[in-house]
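Student: I've got this one open on my screen and would like to walk through it with you. Can we start with whatever catches my eye?

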Amino acid sequence: MDGDPLCDTCGAALERLGAPLCERCGAPTAWPVQRCRECSGRRIAFARARAAVAYDDSAKRLVGAWKERGQRTLAQIAAEIVDGVVPRPSAYTITFVPADHDRMLRRGHNPAQRLAVELGSRWELPVVGLLRRAPGVGPQRGLTLADRRRNVRGVFRANGAAPSTVVLVDDVYTSGATVSSAASALRKAGARRVEVITFARAVRS
């Protein structure tokens, strides 16, 4: 990715996620299903999740440059890709997963918030910070799926009443634990439907 933030070759290498998908969590499936083996039997607070690309090596390099190496213009490119793959949701408001305070200070930005702002501009939806995050929560990286869910349970709180329909944006969907916890806080604050949009998602074979 020398020169331009994302060259044509790197952009083409990103695997777009299209149908068939799990209707609930957005995982690629062999045929359309309401619930797949990844989300079946789980209590999930969001109504639906969609992502633009698979979180493979190509996407990891892009996300790493965007999040950890300060290439903030990649948020615009990520939003453009999302807009080209994910249909515009029917919602009143876009919000985002708030960043951990220490990581926010280290990076100087919240990738989820920047992606939300870019999508809000494209979809002509207001972007509002509806959530706050409790301090002192360890990173999700390296944890098992069960530990990820426990790690973020009850971490998020709403800043006030939430609109009835909300788009919740994050950069990457790995296990769904973070966005489900954030969606739960929005539901408690009055949201009846929360749709999750991420740039990338982990795809399990």
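Student: Okay, where does E124 sit?
Tutor: E124 is in the loop between α5 and β3, the latter covering residues 131-133. Keep in mind that this is a predicted model.

Student: What's phi doing at E124?
Tutor: Phi of E124 is near 55°, which is a positive value in a residue other than glycine.

Student: And is E124 buried or exposed?
Tutor: E124 counts as exposed, because its relative accessibility is 71% and the cut-off for exposed is over 50%.

Student: Which glycine takes a positive phi just after α7?
Tutor: That's G190, with a phi of about 120°.

Student: While we're on the backbone, which peptide bond is cis?
Tutor: The one from A19 to P20, with omega near 5°. P20 lies in the loop between α1 (8-13) and β1.

Student: Let me back up. How many helices and strands does the chain have?
Tutor: There are 7 helices and 6 strands. Starting from the N terminus, the elements go α-β-α-α-β-α-α-β-α-β-β-α-β.

Student: Where is confidence lowest, and where is it highest?
Tutor: The low point is helix α6, residues 145-152, at a mean pLDDT of 63, while β2 is at the top with 98. The chain as a whole averages 87, and 86% of the residues score at least 70.

Student: What should I do with the low part?
Tutor: Where pLDDT is low, the predicted coordinates should not be read in detail.

Student: Fair. What's the strand order in the sheet of 4 strands?
Tutor: The order is β1-β6-β5-β2, the pairing is parallel, and the sheet is open. Its edge strands are β1 (48-54) and β2 (93-96), each of which pairs on one side only. On average, neighbouring strands are turned by 25° against each other, ignoring direction.

Student: How many bridges link β2 and β5?
Tutor: 4 bridges, with β2 and β5 (residues 165-173) running in the parallel sense. T95 stands opposite L168 in β5.

Student: Which helix lies across β2, β5 and β6?
Tutor: Helix α5, residues 111-123, lies across those strands and runs at about 130° to β5.

Student: There's a glutamate in α5, E118. Is E118 buried or exposed?
Tutor: E118 does lie in helix α5. E118 counts as buried because its relative accessible area is 18%, and the cut-off is under 20%.

Student: What does E118 contact?
Tutor: Setting aside neighbours within four places in sequence, E118 is in contact with A75, Q76 and A79.

Student: Those numbers take me to α3. Which residues of α3 are buried?
Tutor: L74, A75, I77, A78, A79, I81 and V82 are. The buried residues of α3 pack against β1, α2 (57-68), α5 and β6.

Student: How far does α3 reach from end to end?
Tutor: α3 spans residues 74-85, and its first and last C-alpha are 17 Å apart, close to the expected 16 Å.

Student: What about α7, how many of its residues are buried?
Tutor: 9 of its 12 residues, so α7 is mostly covered if you take buried as under 20% relative accessible area. Among them are A177, V179, A183 and L186, along with polar-looking names such as T178 and S180.

Student: Now the largest nonpolar core. Which residues touch the most other members?
Tutor: W66, L119 and F199 do, in a core of 31 residues. β1, α2, α3, β2, α5, β5 and β6 each supply at least two residues of this core. The largest share, 7 residues, comes from α3.

Student: What lies apart from that core?
Tutor: Another core, of 27 residues, including C25, A45, L131 and V166. Over the whole chain of 205 residues, 51% count as buried.

Student: Last one, at the N-terminal side. What does A13 touch?
Tutor: A13, which lies in helix α1, touches D56 and S58, leaving out residues up to four places away in sequence. The C-alpha atoms of A13 and D56 are separated by 9.7 Å, and the two residues are 43 apart along the chain. A13 itself is partly exposed, with a relative accessible area of 39%.

How values were computed. Residues are numbered from 1 along each chain as its sequence is written. This is a predicted model: local features need pLDDT of at least 70, side-chain atom pairs count only at pLDDT 80 or more; totals for chains, interfaces and linings use all residues. Side-chain values use heavy atoms; hydrogens and water are left out. Two strands pair if DSSP finds at least two bridges between them. Axes are lines fitted to C-alpha atoms, for helices over the stretch in contact, and angles run from 0 to 180 degrees between N-to-C directions. Contact means heavy atoms within 4.5 Å. pLDDT is the predictor's confidence in each residue, from 0 to 100. The expected span of a helix is 1.5 Å times one less than its number of residues. Buried means under 20% relative accessible area, exposed over 50%, partly exposed in between (1.4 Å probe, protein chains only). A nonpolar core is a set of buried Ala, Val, Leu, Ile, Met, Phe, Trp, Tyr and Cys residues joined through side-chain atoms within 4.5 Å.
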